[in-house]
Each structure stands twice: as C-alpha cells, then as structure tokens.
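Hi everyone, thanks for coming. Today I'd like to walk you through the inside of one protein, beginning with its cavities.

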Amino acid sequence: MDLPELSEAAASADKAAIYAEMRHLGGVPMVALIFRHLATLPGALEWLWDAVSPAWRSGVLQETAWRIARAEPLVPIAPMSRPALAALGVDDAALQEIRSVIESYDRANPENLLTVMCALRLVGGRDRKREFASRDWVPPPAPGPLVPMGNLRTLPPEVDAILSLVAEPAPQGGERVVQSLYRHFLHRPAFLAFAVTLLRQRIDDGSVDQASRRIQAAMALAADEIVEGLRAPPVPHPGVVPVCTRFAGGIIPRMIVVGRLLRGGLPE
C-alpha cells in the first residue's frame with residue numbers, strides 16, 4: 001500500500017490556496033508528496049503552513065536550504081551520453097522534459113526538508129522569539145511545465161519492480177513511499193530503468209546515505225535558528241510527527257542527493 005495523498009487537482013479551496021502559495025514561493029510547478037500527505041490529516045497542512053510560511057515569505061528558508069544542498073560534495077554518477085539516451089527513446093524534447101522534472105525537485109527537496117525539520121520543532125507549540133527582517137523577496141521562476149505523474153495503481157509488474165529499487169519500503173503495517181520525482185518518469189520506463197541503475201551504484205556504495213546525513217545535520221542546525229522567528233499552537237493531529245520524522249529522517253535528504261546526481265549526470 002502506498003502513502004495516501006491529496007492531489008493538487010482534488011484540493012478544496014483552502015488547501016488549494018496553500019498549495020498555490022507553496023508553488024509560488026518555492027519557485028516550483030508542483031507540491032511535494034509530504035505536503036500532499038499532510039493534507040489528508042485533519043488540520044495538519046493548515047497548521048504547518050500557518051507556522052512556517054513567514055520563513056517562506058521572507059525567502060530565508062528557501063535560500064538557506066538551497067545553499068546547504070549545493071554545498072555538499074557528491075560522488076557523481078556516470079554521465080548519461082546523448083547516444084545512450086537516444087537509444088532509450090529520449091530525444092532533445094524528451095531530454096528537456098526530463099531536465100525540467102529534475103530541476104524542479106532539485107529545487108523543491110531542500111526547502112521541503114528544512115520546512116519539515118522546522119515543523120518537528122514546533123509540534124509542542126512555540127512562541128516567536130524574534131521577527132524575520134522585512135525584505136522584498138521574489139522567488140525564482142519555476143521550471144516546467146512538468147509531465148504528469150504516472151498512476152501507481154496501474155503499473156506493469158516490471159516497472160513496479162524498478163521502483164522498488166529506489167522507493168522507501170513500507171514499515172510493518174505502514175505504507176510504501178514512492179518519491180514523486182520517479183513517478184514523472186513512469187511513461188518512460190527505459191529511462192527510469194537507466195537512471196535507477198546509475199543511482200543504485202551510489203546507493204549501494206553508501207555515498208548517498210553519507211551525503212544525505214551530512215545535509216540532514218546542516219539542515220537541523222538551520223532549523224534550530226529559523227524556528228526562533230516562528231510560532232505555532234500544538235500540532236492538531238498525532239499523525240504529523242511520525243510522517244514528518246520519517247521524511248526528514250531519510251526520504252527527503254536522500255532525494256536531495258538523488259536530484260543533484262541526476263542533474264549532474266544529464267548531458268549539457
């Protein structure tokens with residue numbers, strides 16, 4: 001069973017307004033899975049956005065997250081040559097489509113991780129200790145548009161098996177997490193298999209987890225500072241803490257590394 005989520009198309013007016021502000025301030029064309037899932041828990045998305053949005057509106061959270069993610073040195077994957085991609089049916093137009101997806105998540109995942117880490121520090125309620133400095137901050141233009149995500153319920157078994165090599169497995173009694181980035185490539189299973197094969201080398205040698213732990217540690221220090229300017233009542237739903245802990249504890253940090261590896265592996 002996969003993690004439940006509220007799609008952007010199905011969001012009610014209030015949640016759709018939060019989704020729209022997240023896309024705009026994040027400089028991305030989509031809303032992350034963690035927030036689509038929190039939208040299924042009564043009051044959770046509204047609580048998180050009321051608490052953390054001042055840091056987004058100032059741009060402090062996004063700029064801090066992007067800086068931390070860029071600073072981490074990585075062991076690269078093998079470069080994807082144009083002839084190899086052409087053999088997989090990836091022409092110039094398809095390459096641009098792929099690049100837009102990867103650039104979008106490469107931008108989104110750092111800000112998502114820092115947001116979730118801030119939220120975990122606010123679950124018991126907190127008063128603001130300082131104000132964010134007033135500044136006119138304009139987010140960067142979003143990449144895209146993005147090709148839609150594929151339907152996980154109608155996957156051929158061989159494609160589902162490819163996803164199982166990179167998806168977050170379900171804990172006992174829980175749900176599997178198939179990261180959104182991969183779902184945009186479900187209509188290109190040959191490219192998905194190629195990308196996963198390249199990534200598995202870095203997953204198996206431990207370098208993805210090593211880099212993600214360093215990013216996680218740096219983001220934790222940044223979250224400690226950012227929450228000084230935030231306030232929130234106690235979290236309204238008990239499901240917020242375990243899911244945020246799960247995503248911040250490994251899923252999002254690893255996807256920050258994955259996004260940078262894939263972006264670096266694409267041909268110019």
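Four helices, α2 (33-38), α6 (92-122), α8 (180-183) and α11 (240-265), each supply at least two residues of the lining of the largest cavity. Helices here are DSSP runs of H or I, at least four residues, numbered from the N terminus. A cavity is a set of points on a 1 Å grid over the protein atoms alone where a 1.4 Å probe fits but cannot get out, and lining residues have an atom within 4 Å of a point.

A word on the source: this is a predicted model, where local features need pLDDT of at least 70, side-chain atom pairs count only at pLDDT 80 or more, and totals for chains, interfaces and linings use all residues. Residues are numbered from 1 along each chain as its sequence is written, and side-chain values use heavy atoms, leaving out hydrogens and water.

So which helix gives the largest share of that lining? It's α11, with 4 residues.

Now for the rings. The structure holds 3 aromatic pairs, meaning rings of Phe, Tyr and Trp (its six-membered ring) with centres within 6.5 Å; planes under 30 degrees apart are stacked, over 60 edge-to-face, and the rest tilted. One of them joins Trp-49 and Trp-56, edge-to-face, 5.1 Å centre to centre with 75° between the planes. Trp-49 is buried, at 3% relative accessible area, and Trp-56 is buried too, at 1%. Buried means under 20%, exposed over 50%, and partly exposed in between, with a 1.4 Å probe and protein chains only.
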